[in-house]
Amino acid sequence: MVRRYSICVPTNCIWSCENLEQITNTVYQIAKTLTLFNIQECVVLEVKRPAKSNKAHPGKHGELTDSMLISSLLQYFITPPYLRKIVFKSKFQSYFQYASKLPKLSVLPYMRNDDSKAVKEFREGVSIPMRRPVNGKKVNKQTKYICIGKEKPIELKTQLVPSNVRVTVNIKENKIVSPHDAYGEGNVGMNASYGYGVRIAHSFNEVFTQMMIPYEQSCWIECGEFYKKNSDDNKLSKLDELRDGNVLIIFGSWDKLQDSLVKDEEIVNISQFMDGQWELPNVIPQGHLTVEDACMVAMTSVSMKYYL
């Protein structure tokens, strides 16, 4: 069985950032790890800020919570530049002012500027409604028009697809194809979308109760703890091996993760959800790496052990 990885990062990974530029760079580092190591899913865990700093990030229009900002940036980095103004509403563009200046994630084939077949024959697009609402009438739920960043949308020859979804298009034959057919097996994330999937968990419980795929194993990597020793509630044993199948790797400090748990009579500790702790090599003491650095170190060590 093939081993595939999902990761979970807590929102406090950006709490030490002083401004949007620093936040963007932190999330960009996580995005690079996700694409380099073919991570299929990133779960953004909402960790409640202390009362004195419990605020959203102001933009020109409206506000975004920590989890919304992180997840939006993660999705922005895997969206082709020619689709970004279509996928992301104009009122939120101010949040991407620094992200737009960072290098593209060239491990994704549609982000490259070369003469490969993936660039010449295929293009990412967004399906658009066949007509606008008139006199309160609803638009068609399906469409044959795909916006691919050109002056005019292309018209599919024989296919109809739901409106407002991202698709991969064979631009020579004007038909939708799967990312597997267009680009090969690498970097195909959740629901066959290219890159990685992103979802938000508002509590530690939701990481597991709202999962899109079943996890054969879940493990914790201690990181992002700089000021005090982690709680003695950690009773997890050390893992020497990872199972085949879908593996979830959870990053963060024990106390922050524990604070995000919704407890009841049966659920009292996050250790009830995890199979063990995966220790980072040559990191003493464990926990003193930032979340974004721990992601890269962890996936590097896993790839060396299992030849990803």
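The exercises below, each with a worked solution, examine selected strands, helices and residues of a predicted model.

Residues are numbered from 1 along each chain as its sequence is written, and side-chain values use heavy atoms, with hydrogens and water left out. Because the model is predicted, local features need pLDDT of at least 70 and side-chain atom pairs count only at pLDDT 80 or more, whereas totals for chains, interfaces and linings use all residues.

**Exercise 1. The antiparallel sheet**

Determine the order of the five strands in the open antiparallel sheet, and state which strands stand at its edges.

Solution. Strands are DSSP runs (E, at least two residues) and helices likewise (H or I, at least four residues), numbered from the N terminus. Two strands pair if DSSP finds at least two bridges between them.

Step 1. The order is β8-β7-β5-β10-β11, and the pairing is antiparallel.

Step 2. β8 (154-155) and β11 each have a single partner strand, so one side of each is left without a neighbour in the sheet. These two strands therefore stand at the edges.

**Exercise 2. Strand β10 and its partners**

Describe how β10 is joined to β5 and to β11, and state how many of its residues are buried.

Solution.

Step 1. Strand β5 (residues 122-128) pairs with β10 in the antiparallel sense over five bridges. Within this pairing, glutamate 124 has threonine 168 as its bridge partner, and arginine 123 stands opposite valine 169.

Step 2. β10 is joined to strand β11 (residues 175-177) by three bridges, and the two run antiparallel. Here threonine 168 stands opposite valine 177.

Step 3. β10 and β11 form a hairpin with four residues between them.

Step 4. Buried means under 20% relative accessible area, exposed means over 50%, and partly exposed lies in between (1.4 Å probe, protein chains only). Four of the five residues of β10 (residues 166-170) are buried, and the strand is mostly covered.

**Exercise 3. Two asparagines with positive phi**

Locate asparagine 38 and asparagine 174, and give the phi and relative accessibility of each residue.

Solution.

Step 1. Most residues other than glycine have a negative phi.

Step 2. Asparagine 38 lies in the loop between α1 (20-36) and β2 (41-45). Its phi is positive, near 55°. Asparagine 38 counts as partly exposed because its relative accessibility is 24%.

Step 3. Asparagine 174 is found in the loop between β10 and β11. The phi of asparagine 174 is about 50°, a positive value although the residue is not a glycine. At 21% relative accessibility, asparagine 174 also counts as partly exposed.

**Exercise 4. Helix α8 and its packing**

Compare the span of α8 with the expected value, then describe how α1 packs against α8.

Solution.

Step 1. The expected span of a helix is 1.5 Å times one less than its number of residues. Helix α8 (residues 291-306) has 16 residues and reaches 22 Å from its first C-alpha to its last, close to the expected 22 Å.

Step 2. Contact means heavy atoms within 4.5 Å. Among the buried residues of α8 are Val291, Ala294, Cys295, Met299 and Tyr306. Their cover includes β1 (3-10), α1, β13 (217-222) and β14 (245-252).

Step 3. Axes are lines fitted to C-alpha atoms, for helices over the stretch in contact, and angles run from 0 to 180 degrees between N-to-C directions. The axes of α1 and α8 are 8 Å apart, and the helices pack at an angle of about 15°. α1 is therefore roughly parallel to α8, a term for angles under 35 degrees.

Step 4. The contact involves Thr26, Gln29, Ile30, Thr33 and Leu36 of α1, together with Glu292, Asp293, Cys295, Met296 and Met299 of α8.

**Exercise 5. The parallel sheet**

Give the strand order of the open six-stranded sheet and identify its edge strands.

Solution.

Step 1. The order is β12-β2-β1-β14-β13-β15, with parallel pairing.

Step 2. β12 (197-201) and β15 (276-277) are the edge strands, each pairing on one side only.

Step 3. β1 and β14 run parallel and are joined by six bridges. Arginine 3 stands opposite glycine 245 in β14.

Key: Angles under 35 degrees count as roughly parallel, over 145 as roughly antiparallel, 65 to 115 as roughly perpendicular and the rest as oblique.
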